[in-house]
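This report introduces the structure shown below to a reader who has not met it before. It begins with the chain as a whole and then turns to sheets and helices.

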Amino acid sequence: MIEDKKSLNFIEHIVEEDLANGLSKDDLRFRFPPEPNGYLHIGHTKAIGISFGLGLQYDAPVNLRFDDTNPAKEEQEYVDAIKRDIAWLGYEWDKECYSSDYFQQLYDWTVALIKEGKAYVDSQTSEEIAAQKGTTTEPGTNSPYRDRSVEENLRLFEDMKAGKYEEGTHVVRAKIDMADPNMLMRDPLMYRILKKEHHRTGNDWCIYPMYDWTHGESDYIENISHSLCSLEFKPHRKLYDWFLDQIYDSSLLRPKQREFARLNLSYTIMSKRKLLQLVNEGIVSGWDDPRMPTISGLRRRGYTPNSIRKFVDTVGVAKRENVIDVSLLEFCVREDLNKTAHRIMGVLNPVKLVITNYPEGEEEWLEAENNPEDVNAGSRQVPFSRELYIEREDFKEEAGRKFFRLTLGKEVRLKNAYIIKGESVVKNDAGDIIEIHCTYDPKSKSGSGTEASKRNVKGTLHWVSIKHAIACEVRVYDRLFNHEAPDGNKDKSFMDYINPDSLKVLTGYIEPAVQNAKALEQFQFQRLGYFNVDTDSTEDTLVFNKTVGLKDTWAKTQPKNSNTVTNNIPKTQKEILPLEEIKRAGKKYTNLPEEKREALKIKIKEFAKKVPIEELVPLYNTAVKKAGTRIAVMVALGEILFDTNQQPDALAWDFINKAKEDKNDLLREEATLLASRF
């Protein structure tokens with residue numbers, strides 16, 4: 001049992017209560033039960049994280065069970081992809097199970113129910129059955145075949161199994177109550193005829209059990225203690241329990257179904273059917289297209305298992321449906337790659353720069369740090385020569401005071417190299433700049449310790465030596481949809497919101513240290529963002545995918561949580577005011593006298609009550625020099641944690657502990673105070 005129960009989510013509370021009420025810890029067993037009809041996507045990671053996370057927390061086994069009851073849509077390709085994705089996320093399952101392993105047992109139980117008068121064969125069409133279901137305010141109508149004799153039902157069911165009937169001619173239904181207020185209880189289907197080859201059982205069966213009949217019974221067979229699923233299955237719980245009642249042996253463990261809010265992400269669709277449509281219509285290159293929300297797509301784009309697991313942990317476990325801003329996912333991968341990715345220099349929109357006073361034909365190799373966040377990452381040698389590429393947008397012939405990059409008559413530093421000064425440009429007949437001429441200070445070499453090297457210049461540019469540069473293909477990805485709720489408009493198709501600029505393919509130039517990079521290896525292109533090597537790379541051509549930019553692009557539009565537990569996901573709406581007010585308060589906080597700071601602190605706490613904690617997380621990374629903003633975030637964090645009775649997670653503790661060591665007295669004071677409360 002967990003010692004500290006203050007920070008438990010509601011599912012952990014359920015498990016703890018069951019243990020306290022006599023359930024043996026040895027009887028805990030969880031499962032993740034995907035249907036192999038598509039690739040796993042980011043929405044599945046929450047269910048994966050909950051079940052496998054409980055397994056790790058309680059040292060309990062977790063089954064991977066494929067609910068493979070629909071051969072019309074399921075394929076071995078999907079089975080293999082699901083296993084690969086779960087393993088890549090870092091989880092290990094105990095048993096690999098398939099609902100198809102239980103087809104004979106399910107058939108035998110159905111025969112027993114027919115004999116007990118609790119199931120029957122219905123020979124109506126699907127349209128006739130639907131018409132008899134009734135409504136939420138009116139009871140349904142009994143099928144004319146509901147009172148068939150046991151003998152006739154058994155004969156028909158056996159003939160269905162033998163393949164004597166065509167699809168749609170007969171189904172098996174449970175005989176429950178056509179007037180039950182829960183419409184799922186109105187004689188639900190248990191079997192239908194499907195003359196399709198199954199990816200595991202081949203043509204052994206031509207009748208297949210329905211999901212509701214299969215799911216709970218599979219849990220029971222596998223001794224699952226807690227059957228955890230998303231909220232859309234809450235109405236199914238009554239049927240889940242009814243089916244178990246019919247076959248349950250009190251000497252065995254009975255599974256318990258409980259539901260949690262699924263993970264919904266802005267600018268994203270989660271329907272496997274619609275994702276398949278994107279693949280089939282060529283909108284994307286496949287299930288692993290880096291714009292897809294599939295785990296395989298995220299992996300190919302450069303996301304890490306750690307960043308996805310951190311994202312799931314940060315989102316947490318809730319009982320109400322909500323929409324999480326995709327920028328939180330981007331924040332998590334940015335934070336992870338900042339610690340692990342080696343830095344390199346690459347230029348994506350090159351213009352030639354000539355250092356006119358650097359000796360022609362000469363070159364030198366300069367030392368560059370691989371990752372300032374990792375002392376063990378070492379360094380590399382970067383070639384430097386007279387002719388370089390820099391980014392075209394890093395130069396302006398004429399620039400204002402706030403342009404700190406290269407311009408004529410001003411100095412900037414070349415990263416890991418020298419200070420240069422813009423002197424002149426060369427233009428083509430169209431007036432476009434094709435060369436920038438500059439001079440360098442030979443005594444200003446980075447790290448040399450000379451007075452010239454310590455000279456303060458405001459701008460630092462990345463670059464590559466033209467002579468040594470390696471050309472590469474760079475795929476710059478943006479969001480696949482240009483609307484935050486592409487699936488939320490009843491009057492429009494999600495296809496209407498496809499972003500035509502979701503992929504731009506460029507030719508870039510990178511330093512030679514990356515020449516032998518392997519597929520999926522990750523790098524930070526300095527000043528540009530995080531990139532990884534795509535699987536399309538060959539020995540002759542490296543291909544890079546842009547994973548995420550360097551800057552925090554936390555969206556200013558935030559979703560409203562639904563106030564009811566339904567399957568309807570609300571459209572994301574603008575809720576920027578509370579967070580913006582906290583930021584504004586931070587900007588002036590340190591400039592105020594004490595009494596006004598205290599008054600402002602009260603306002604910050606009021607705004608914080610309206611801000612979800614995940615919205616605050618990206619502000620943990622506010623620049624050190626913005627002490628006031630960090631103080632405001634610290635105050636808001638304390639209020640949110642207190643108001644929601646939460647404990648700080650790992651990201652929050654990291655923010656608090658760093659602030660406790662800060663040079664600003666006010667920030668240290670707030671951080672120390674907050675830490676003392678936990």
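What percentage of the 678 residues in the chain is made up of buried residues? Buried residues make up 52% of them, where buried means under 20% relative accessible area, determined with a 1.4 Å probe on protein chains only. The model is predicted, so local features need pLDDT of at least 70 and side-chain atom pairs count only at pLDDT 80 or more, whereas totals for chains, interfaces and linings use all residues. Residues are numbered from 1 along each chain as its sequence is written, and side-chain values use heavy atoms, with hydrogens and water left out.

## The chain as a whole

The chain contains 18 helices and 29 strands. Helices (H or I, at least four residues) and strands (E, at least two) are DSSP runs, numbered from the N terminus. Along the principal axes, the C-alpha atoms occupy a box of roughly 100 × 65 × 50 Å. A contact is defined by heavy atoms within 4.5 Å. Of the contacts in the chain between residues at least 6 apart in sequence, 70% link residues at least 24 apart.

## Two open sheets

Strands are taken to pair if DSSP finds at least two bridges between them. One open sheet consists of 3 strands in the order β1-β2-β3, with parallel pairing. Strands β1 (30-32) and β3 (96-98) each have a single partner strand and stand at the edges, so one side of each is left without a neighbour in the sheet. From one strand to the next, the twist averages 35°. Strand β2 (residues 62-66) is joined to β3 by 3 bridges in the parallel sense, and Phe66 has Tyr98 in β3 as its bridge partner. Helix α3 (residues 76-88) lies across β1, β2 and β3 and runs at about 155° to β2. Such angles run from 0 to 180 degrees between N-to-C directions, and axes are lines fitted to C-alpha atoms, for helices over the stretch in contact.

A second open sheet has 7 strands in the order β21-β18-β19-β20-β12-β15-β22, and its pairing is mixed. Its edge strands, β21 (460-461) and β22 (464-465), each pair on one side only. Within this sheet, β12 and β20 run parallel, and Leu353 has Ile436 in β20 as its bridge partner.

## Strand pairs compared

The table lists several pairs of strands with their sense and bridges.

| Strand pair | Sense | Bridges |
|---|---|---|
| β4 (residues 119-122) and β5 | antiparallel | 4 bridges |
| β5 and β6 (residues 189-193) | antiparallel | 3 bridges |
| β8 and β9 (residues 256-260) | parallel | 5 bridges |
| β12 (residues 350-355) and β20 (residues 433-440) | parallel | 4 bridges |

Strand β5 (residues 171-174) directs Val171 and Arg173 one way and Val172 and Ala174 the other way, and all are buried. Ala174 in β5 is the bridge partner of Ala119, while Val171 stands opposite Arg192 in β6.

In strand β8 (residues 226-230), 5 of 5 residues are buried. His226, Leu228 and Ser230 lie on one side, with Ser227 and Cys229 on the other, so that both faces are covered. His226 stands opposite Lys256 in β9.

## Packing of helices α16, α17 and α18

Two packed helices are described by the angle between their axes and the distance between the axes. Helix α16 (residues 627-644) packs against α17 at an angle of about 130°, with the axes 11 Å apart. This angle makes α16 oblique to α17; angles under 35 degrees count as roughly parallel, over 145 as roughly antiparallel, 65 to 115 as roughly perpendicular and the rest as oblique. Arg630, Val633, Met634 and Leu637 of α16 make the contact with Ala652, Phe655, Ile656 and Ala659 of α17.

Helix α17 (residues 650-660) also packs against helix α18 (residues 665-676), at an angle of about 135° and with the axes 8 Å apart. Helix α17 is therefore oblique to α18. On the α17 side, Trp653, Ile656, Ala659 and Lys660 meet Leu667, Arg668, Ala671, Thr672, Leu674 and Ala675 in α18.

Technical notes: Buried < 20%, exposed > 50% of the residue type's maximum accessible area, 1.4 Å probe, protein only.
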